[in-house]
2 protein chains.
Amino acid sequence: MKQNLSETCGQFFSTLANPTRLAILELLRDGPRNVTEISEALNQEQSMISHNLKPLERCRFVFSERRKKERFYSLNKETMEQLFKIFSYHAEKYCPTGGKCRTNRGLQEQKKKDASSSLYLTRH
Amino acid sequence: MKQNLSETCGQFFSTLANPTRLAILELLRDGPRNVTEISEALNQEQSMISHNLKPLERCRFVFSERRKKERFYSLNKETMEQLFKIFSYHAEKYCPTGGKCRTNRGLQEQKKKDASSSLYLTRH
DNA sequence: GAATGATATGAATATAATTTCATATGACAC
DNA sequence: GTGTCATATGAAATTATATTCATATCATTC
């Protein structure tokens, strides 16, 4: 822990910082899909899906497995569900305008609320 | 939960997908710093630090507070420590080459290990 | 091994993000 | 209000990332 997070985290977050890849991840929450299915569901070019699946697999956010001619991709639920959970909690608490966080306005007002609330995502 | 993560998560992860911003976050783990201190510690232009602090504050990964002429930035530990924890766990388990994940090689070999291990980050 | 269906790859183009530099704004002390 | 230190902003230039299209590879069936 604490050893050069800035260097090691880069690819992790960069891979998630893309709407197509997030859409793929979201789709895969419903179960494994092959490339064609993903590309149809998201209404995107097959090659684009393939290109985007590569960093997702490299970072192990998804796993893949061949079945006959097709390749099925499945979600790394362990990591992704935790990540989505943190995001949801954070967005709900800190980004009341629907997670969009488009403005810096209202930071002062919000700060007061922050001080009073101290719920944690996972309580033991 | 589950409502258009792909749309709402974008800014969250994009903000984290930058080495300067990650370095700022890492620095702030040691406590609040003003802009000048950050820029000196990271050896970067002051204006660059300011530019990068903006999205961090917009997403509420950091908070800020004026003290006299200076503005001190502090980490949103609640969110960030959880995020770093997930990252560390994931990297250790899935990216044995030091979290770099530069290649897709060895995915087959790794996959076998994955099946046997099923530790969770937070156990209750 | 030829044909087909499914996925991956490469390279050019298009798009978006970051960095830099000059300068503006803000807060405070005098 | 002037001067000074601290931070923020805007816009141009640079750099990185994503998208597209054409085509290559791979697995399978016959």
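This is a short dialogue on reading a predicted model of protein chains with DNA strands.

Trainee: Where do I start with DNA strand D, and which residues come nearest to it?

Mentor: Start with the list of neighbours. There are 23 residues around DNA strand D. Arg21(A), Thr36(B), Gln46(B), His51(B) and Tyr73(B) come nearest.

Trainee: Which elements supply at least two residues each to the surface near DNA strand D?

Mentor: Both chains take part. From chain A come α2 (19-28) and α4 (46-58). From chain B come α4 (35-41), α5 (46-58) and β3 (70-75). The most comes from α5(B), with five residues.

Trainee: How many residues of that surface are nonpolar, polar and charged?

Mentor: Three are nonpolar, eleven are polar and nine are charged.

Trainee: What part of DNA strand D lies within 4 Å of the protein, in terms of sugar, phosphate and bases?

Mentor: Count the DNA atoms within 4 Å of the protein. For DNA strand D, 57% of them belong to sugar or phosphate, and the rest to bases.

Trainee: Which polar side-chain atom lies 2.7 Å from a phosphate oxygen of DNA strand D?

Mentor: One from Tyr73(B). Chain A has a contact too: an N or O atom in the side chain of Asn18(A) is 3.2 Å from a phosphate oxygen of DNA strand D. Backbones can also take part. A backbone N or O atom of Val35(B) lies 3.3 Å from a phosphate oxygen of this strand.

Trainee: Now DNA strand C. Which residues come nearest to it?

Mentor: Read it the way you read strand D. Of the 23 residues around DNA strand C, the nearest are Thr36(A), Ser50(A), His51(A), Tyr73(A) and Met48(B). Of the strand C atoms within 4 Å of the protein, 57% belong to sugar or phosphate and the rest to bases.

Trainee: Which side chain has an N or O atom 2.6 Å from a base oxygen of DNA strand C?

Mentor: His51(A). Gln46(A) has a polar side-chain atom 2.8 Å from a base nitrogen of DNA strand C. For a phosphate contact, turn to chain B: a side-chain N or O atom of Asn18(B) is 2.9 Å from a phosphate oxygen of strand C.

Trainee: Which elements give two or more residues to the surface near DNA strand C?

Mentor: In chain A, α3 (35-41), α4 and β3 do. In chain B, α3 (19-28) and α5 do. The most comes from α4(A), with five residues. The surface divides into three nonpolar, eleven polar and nine charged residues.

Trainee: Back to Asn18(A). What does Asn18(A) cap?

Mentor: Look at the start of the helix. Asn18(A) caps the N-terminal end of α2(A). A side-chain oxygen of Asn18(A) lies 2.8 Å from the backbone nitrogen of Thr20(A).

Trainee: How many residues of α2(A) are buried?

Mentor: Nine of its ten, so this helix is mostly covered. Among them are Arg21(A), Leu22(A), Ile24(A) and Glu26(A).

Trainee: How do I read a pair of aromatic rings?

Mentor: A pair is described by the distance of the ring centres and the angle of the planes. This structure holds nine aromatic pairs over all chains. In one of them, Phe12(A) and Phe13(A) sit edge-to-face, 5.0 Å centre to centre with 85° between the planes. Phe12(A) is buried at 4% relative accessibility, and Phe13(A) at 0%.

Trainee: What is the geometry of the pair of Phe12(A) and Phe61(A)?

Mentor: Edge-to-face, 5.1 Å centre to centre and 75° between the planes. Phe12(A) lies in helix α1 (residues 5-16) of chain A, and Phe61(A) in the loop between α4 and β2, so the pair ties together parts that are 49 residues apart in sequence. Both Phe12(A) and Phe61(A) are buried.

Trainee: Which residues do ring pairs link into a cluster?

Mentor: Phe12(A), Phe13(A), Phe61(A) and Phe87(A), with Phe12(B), Phe13(B), Phe61(B) and Phe87(B).

Trainee: How are strands β2 and β3 of chain A joined?

Mentor: Check direction and bridges. Strands β2 (residues 62-67) and β3 (residues 70-75) of chain A run antiparallel, joined by six bridges. Ser64(A) has Tyr73(A) as its bridge partner in β3(A). Two residues lie between the strands of this hairpin, and Lys68(A) takes a positive phi near 60°.

Trainee: Last one. How many disulfides are there over all chains?

Mentor: A disulfide is a covalent bond between the sulfur atoms of two cysteines. Here the count is zero over all chains. Cysteines are still worth a look: Cys9(A) is buried at 0% relative accessible area, and Cys59(B) is buried at 3%.

Key. Residues are numbered from 1 along each chain as its sequence is written. Chains are lettered from A and ligands numbered from 1 in the order in which they are written. This is a predicted model: local features need pLDDT of at least 70, side-chain atom pairs count only at pLDDT 80 or more; totals for chains, interfaces and linings use all residues. Side-chain values use heavy atoms; hydrogens and water are left out. Two strands pair if DSSP finds at least two bridges between them. Helices (H or I, at least four residues) and strands (E, at least two) are DSSP runs, numbered from the N terminus. A residue is near a molecule or strand if one of its heavy atoms lies within 4 Å of it. A polar contact is a pair of N or O atoms within 3.5 Å; within protein, one must be able to donate a hydrogen and the other to accept it, and residues adjacent in sequence count only if both atoms are side-chain atoms. Ala, Val, Leu, Ile, Met, Phe, Trp, Tyr, Cys and Pro count as nonpolar, Asp, Glu, Lys and Arg as charged, and the others, Gly among them, as polar. A disulfide is a pair of cysteine sulfur atoms within 2.5 Å. Buried means under 20% relative accessible area, exposed over 50%, partly exposed in between (1.4 Å probe, protein chains only). Rings of Phe, Tyr and Trp (its six-membered ring) pair if their centres lie within 6.5 Å; planes under 30 degrees apart count as stacked, over 60 as edge-to-face and the rest as tilted.
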